[in-house]
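Q: Please take me on a close look at one small part of this protein, and then show me how that part sits among its surroundings. I am new to this structure, so plain words would help.

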Amino acid sequence: MSTLRAEADALVWGSDDEILRLEAWGADALRVRATRGGELPEPLGADGALLDVASPEPEVEVGADGASITNGLLRARLDADGSLRFERSDDGRPLLAEHDPHFVDPRARHYGHRPDGYWRVEASFSPHGDERLYGLGQQQHGQLDQKGCVIDLVQRNTQVTVPFLLSSRGYGFLWHSPAVGRVELADNGTRWVAEASRGLDYWITTADSPAGILERYSAVTGRAPMLPERAAGFWQSNLRYRSQAEVMSVANEYQRRGLPLDVIVIDAGHWTVMGDWRFDEELWPDPGAMVRELDALGVQVIVSVWPTVNPTSENLETMREQGLLARTTYGPPHASWLFDNRPPGALPLELYDATDPAARRFLGERLREGYLRHGIEWFWLDADEPEIKPLEPGRLEYAGGPGEAVHDLYPHLHARAVWEAMREAGVEAPLTLNRSVWAGSQRYGAALWSGDIHSSWAALRAQIPAGLNVGLAGIPWWGTDIGGFKGGVSGDRGFRELLVRWFQFAVFTPIFRLHGLRQEGDPGFEDITELVGTEDEPDAFSLAGFSGGPNEVWSFGEDAYELIAPLLHLRQRLRPYVMEQMRTAHEHGLPPMRAMLLEFPDDAEAWGLADQFMFGPDLLVAPILEPGATAREVYLPASAAWTDAWTGAAVGVGRHVAAAPAERIPVFVRDGAPVGRVFGEVV
C-alpha cells in the first residue's frame with residue numbers, strides 16, 4: 001500500500017516500510033530525503049553542506065498513476081510504486097533515473113539493517129554509456145573523467161571526499177551524507193553507498209552549462225569569502241622551521257634577494273606538545289614581535305595546529321572531564337600513534353571531537369589565547385581527516401554519531417571551529433589551509449592542499465586532474481606542495497628538473513606554496529613518514545630536534561634558482577588577475593583553476609582534457625609532465641583566438657606541438673586578454 005500527497009513546498013510518497021520527500025532547495029534544484037519506516041531523519045542543519053536557502057515555490061501535481069514536482073528547469077517524476085526519475089522541465093530531456101530492478105533485485109533505494117539504529121543505505125541509478133562524470137573532491141588516480149571508477153567516500157591523506165558529481169548529461173548531484181561509503185560509477189549503473197546513515201539524503205540540480213551548475217551548487221552550500229590579498233602571492237614553507245630566529249632569517253634572506261614573499265608557514269613542532277596549542281617559549285620567545293616584524297616586510301604568518309592531544313598536554317584532563325574527546329569502541333584506546341616534541345618515542349594520541357560544539361569552542365579559545373593574541377589569524381589544519389591509526393573510522397565514537405556515520409564531516413567542522421573562533425574575535429578574513437575538506441567547507445575560508453604526495457613525475461601528472469576535480473566539486477582555493485612532499489633530494493639533478501617544472505605549473509594554481517621534506521644526505525632514516533604510526537620505533541626519536549633539509553628557492557643550486565626566481569615575480573604581476581578570479585569564485589562559485597569543459601562546454605574535445613587547464617577565463621596552461629621534455633602537444637579550442645603568452649605570436653587552433661624550453665611551459669592567451677601583457681616583461 002502506498003500513498004502520494006502534495007504539500008505546500010514538497011511531494012511526499014509513503015509505503016508500509018518507507019517514506020520519501022522531495023522539496024525545492026534553491027534554484028532549479030530538488031532535495032530528496034527518504035528512510036525506512038518511521039519519520040524522516042532531521043537534516044544535518046548547520047553541520048551539513050546544504051544551507052537553509054530561500055527556494056521558489058515548486059509546482060506539484062498528483063495523479064492516479066504518479067506525481068511530479070517541478071522547480072524551474074528541474075522536474076522529478078514519481079511513479080505510484082515509488083520509482084523516481086529526473087528530467088529537464090523545458091524539453092523533457094532525461095537527466096537521471098533510478099534503475100528499473102528485476103522483480104527479485106533489491107530496490108533502487110535499499111536499507112540494510114544495522115544493530116545500532118542506523119541503516120546501510122544504497123541508491124542506484126540507471127547507466128548511460130556516453131556519460132562523463134567529474135568532481136568528487138580530490139583523488140590521486142590521475143583521471144579527470146571518473147566514469148568507470150569506484151571511489152571510496154572516506155577522508156584520507158591525499159584523498160579528499162567532497163561527494164558532489166557533475167555530469168556531462170547536464171546535472172549536478174550532491175550525496176549529502178558524511179558517512180564512510182563509496183560510489184560506483186560503472187558501465188552498468190551508478191551506485192552510492194553509505195555504511196551508516198539515518199536515511200537517504202541527496203540534492204540534484206540542472207542548468208544550461210557546467211558553470212551554471214556550479215553556480216547553483218555553490219549558492220546552496222555557500223560561496224568562498226574573498227581570498228585575503230596576501231594569500232594570492234608566494235607561500236614559503238618547510239618541514240620544519242625550529243625557531244623564531246630561523247623564520248626571521250629566511251624572511252630576511254628573501255628581502256635581501258629582492259624576492260617576493262607573502263606568507264611564511266610555521267609547521268609542526270613549534271608547540272610545547274600537541275594539544276597545548278601554543279608556542280614553545282624557549283624557541284619562540286616573542287611571537288608577537290616576530291609577527292609585527294614580518295608584517296612590516298609584507299609577510300603573513302600561518303601556523304600549523306593539529307587536532308591531536310599528547311598524553312602530557314596541559315589540556316588533556318580538562319578535555320576528558322568535559323567529554324571533548326572522541327571515544328574508541330574497540331582496538332587501541334586512543335586515536336593514533338605519532339611522534340611529538342616530548343616525550344621521545346611514538347605516543348598514543350587522543351583526538352578532540354570536532355562534531356561537538358563545546359569541543360569546537362574549547363579549541364577556539366585555545367587558539368585565541370595561544371596564537372591570536374600574538375597577531376596570528378591564519379591556521380594550517382594538518383592531519384584533519386582526521387589522521388587515525390589504524391585507519392578504521394568505525395572504531396571511533398563522536399558526539400555527532402558513530403565514526404562510520406560522521407567521519408567525512410570531521411575536517412568540515414574542524415575548519416568551521418577555527419573560522420567561527422576567529423570571526424567572533426573580530427578577524428575580518430580568517431583562512432585555513434587544510435589537508436581534507438568536505439562539501440561546503442569553502443564557506444569557512446578553507447583552502448585545500450593535496451597532502452603528502454611523492455616528489456615524482458607521476459605525482460605531478462596526477463595533481464592536474466586532482467585540482468580540476470576539486471574545483472568542479474566546489475572548492476576554489478587549492479594548491480600542492482611544490483616539488484611534492486616526500487622523496488625530494490635537493491642535490492639531485494632529476495629532482496631539480498621536477499621542481500622547476502612543478503613551480504612553472506604552480507604559478508597558475510590558486511595557492512602558490514613551496515613545501516616539502518627535503519633531503520640533502522642521509523637524515524638518519526629514509527623518510528619521516530616511515531616513522532609515523534607504529535608502536536615499536538626507536539625510543540630516542542622525537543620532533544624536538546628534527547627538521548628536513550633547506551627548502552627555500554635558493555636551496556637547489558644556481559641553475560634552478562635562475563629559473564625559479566623569475567616565476568615568483570611573474571606570480572606577483574599576475575596577482576590582480578588572480579584576485580579577479582577569486583572575486584568570481586566569491587560571487588559565482590567558479591574556481592580559478594578550471595577544467596577546459598567549464599570554458600568550452602560545446603567543444604567535445606574539451607571534456608576529455610586532463611593535462612591542460614584554464615587559469616581563469618583567459619589563460620590556457622599546459623604543464624610539462626615528463627622528464628627531459630622540451631615540447632608537448634596542446635589543444636586550442638576553435639571558438640577563441642590564441643596567442644603565445646611568452647612571445648605574443650598568434651597561434652592556430654586545434655592540436656599542435658608547443659615549445660617548452662627549460663625556462664617556461666606553454667601558456668596561451670585567449671582573445672587578446674589584457675593579462676597577456678604581464679608575460680612580455682619576462683621574454
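## A close look at one residue and the strands around it

A: Leucine 136 is found in strand 12. Before going on, please keep in mind that this is a predicted model. What makes this leucine a good place to begin is its backbone: phi of leucine 136 is near 70°, a positive value in a residue other than glycine. Is leucine 136 buried or exposed? Its relative accessibility is 1%, and buried means under 20%, so leucine 136 counts as buried.

Now let us look at the company that strand 12 keeps. Strand 12 covers residues 133-138 and is paired with strand 14 in the antiparallel sense, with five bridges between the two. One contact point that you can find on the screen is glycine 135, whose bridge partner in strand 14 is leucine 165.

Strand 14 deserves a pause of its own. This strand spans residues 160-167, and eight of its eight residues are buried, which leaves the strand mostly covered. Which residues point which way from strand 14? Val160, Val162, Phe164 and Leu166 point to one side, while Thr161, Pro163, Leu165 and Ser167 point to the other, and all are buried. Leu165, the bridge partner of glycine 135, belongs to the second of these groups.

Just ahead of strand 14 there is another unusual backbone angle. Threonine 158 lies in the loop between strand 13 (150-153) and strand 14, and this residue has a positive phi of about 80° although it is not a glycine. With a relative accessibility of 17%, under the 20% cut-off, threonine 158 also counts as buried.

If you follow the chain beyond strand 14, you come to strand 15. These two strands form a hairpin with three residues between them, and in the turn glycine 170 has a positive phi of about 100°. Strand 15 covers residues 171-175, and its pairing with strand 14 is antiparallel, over three bridges. Here leucine 166 has glycine 172 of strand 15 as its bridge partner. Strand 14 therefore pairs with strand 12 and with strand 15.

Let us step back from this corner and look at other sheets. Five strands make up an open sheet with antiparallel pairing, in the order 5-6-7-8-9. At its edges stand strand 5 (59-62) and strand 9 (94-97), each with a single partner strand, so one side of each has no neighbour in the sheet. From one strand to the next, the twist averages 15°. Within this sheet, strand 6 (residues 66-71) and strand 7 (residues 74-79) are paired antiparallel over six bridges, and asparagine 71 stands opposite leucine 74 of strand 7.

Another open sheet has eight strands, in the order 31-30-29-26-21-20-19-33, and its pairing is parallel. Strand 31 (478-479) and strand 33 (512-514) are the edge strands; each has a single partner, so one side of each is left without a neighbour in the sheet. Inside it, strand 26 (residues 378-381) and strand 29 (residues 431-434) run parallel and are joined by four bridges. Phenylalanine 379 has threonine 432 of strand 29 as its bridge partner.

There are cis peptide bonds to visit as well. The bond from leucine 239 to arginine 240 is cis, with omega near -5°, and arginine 240 lies in the loop between strand 19 (234-236) and helix 2 (244-257). Another cis bond joins arginine 342 and proline 343, with omega of about -10°; this proline is in the loop between strand 24 (336-338) and strand 25 (347-351).

Helices have their own meeting places. The axes of helix 8 (residues 457-472) and helix 9 (residues 493-506) come within 11 Å and cross at roughly 10°, so these helices are roughly parallel to each other. Helix 8 brings Trp457, Ala459, Leu460, Gln463 and Ile464 to the contact, and helix 9 brings Glu497, Leu498, Arg501, Trp502 and Phe505. Seven of these residues are nonpolar, one is polar and two are charged.

Finally, the whole picture. The protein has eleven helices and 42 strands, and 63% of its 683 residues are buried. Its radius of gyration is 25 Å, which agrees with the value near 26 Å for a compact globule of 683 residues.

Note on methods: Residues are numbered from 1 along each chain as its sequence is written. This is a predicted model: local features need pLDDT of at least 70, side-chain atom pairs count only at pLDDT 80 or more; totals for chains, interfaces and linings use all residues. Side-chain values use heavy atoms; hydrogens and water are left out. Axes are lines fitted to C-alpha atoms, for helices over the stretch in contact, and angles run from 0 to 180 degrees between N-to-C directions. Angles under 35 degrees count as roughly parallel, over 145 as roughly antiparallel, 65 to 115 as roughly perpendicular and the rest as oblique. Contact means heavy atoms within 4.5 Å. Ala, Val, Leu, Ile, Met, Phe, Trp, Tyr, Cys and Pro count as nonpolar, Asp, Glu, Lys and Arg as charged, and the others, Gly among them, as polar. The radius of gyration is taken over C-alpha atoms; the globule rule is 2.2 Å times the number of residues to the power 0.38. Buried means under 20% relative accessible area, exposed over 50%, partly exposed in between (1.4 Å probe, protein chains only).
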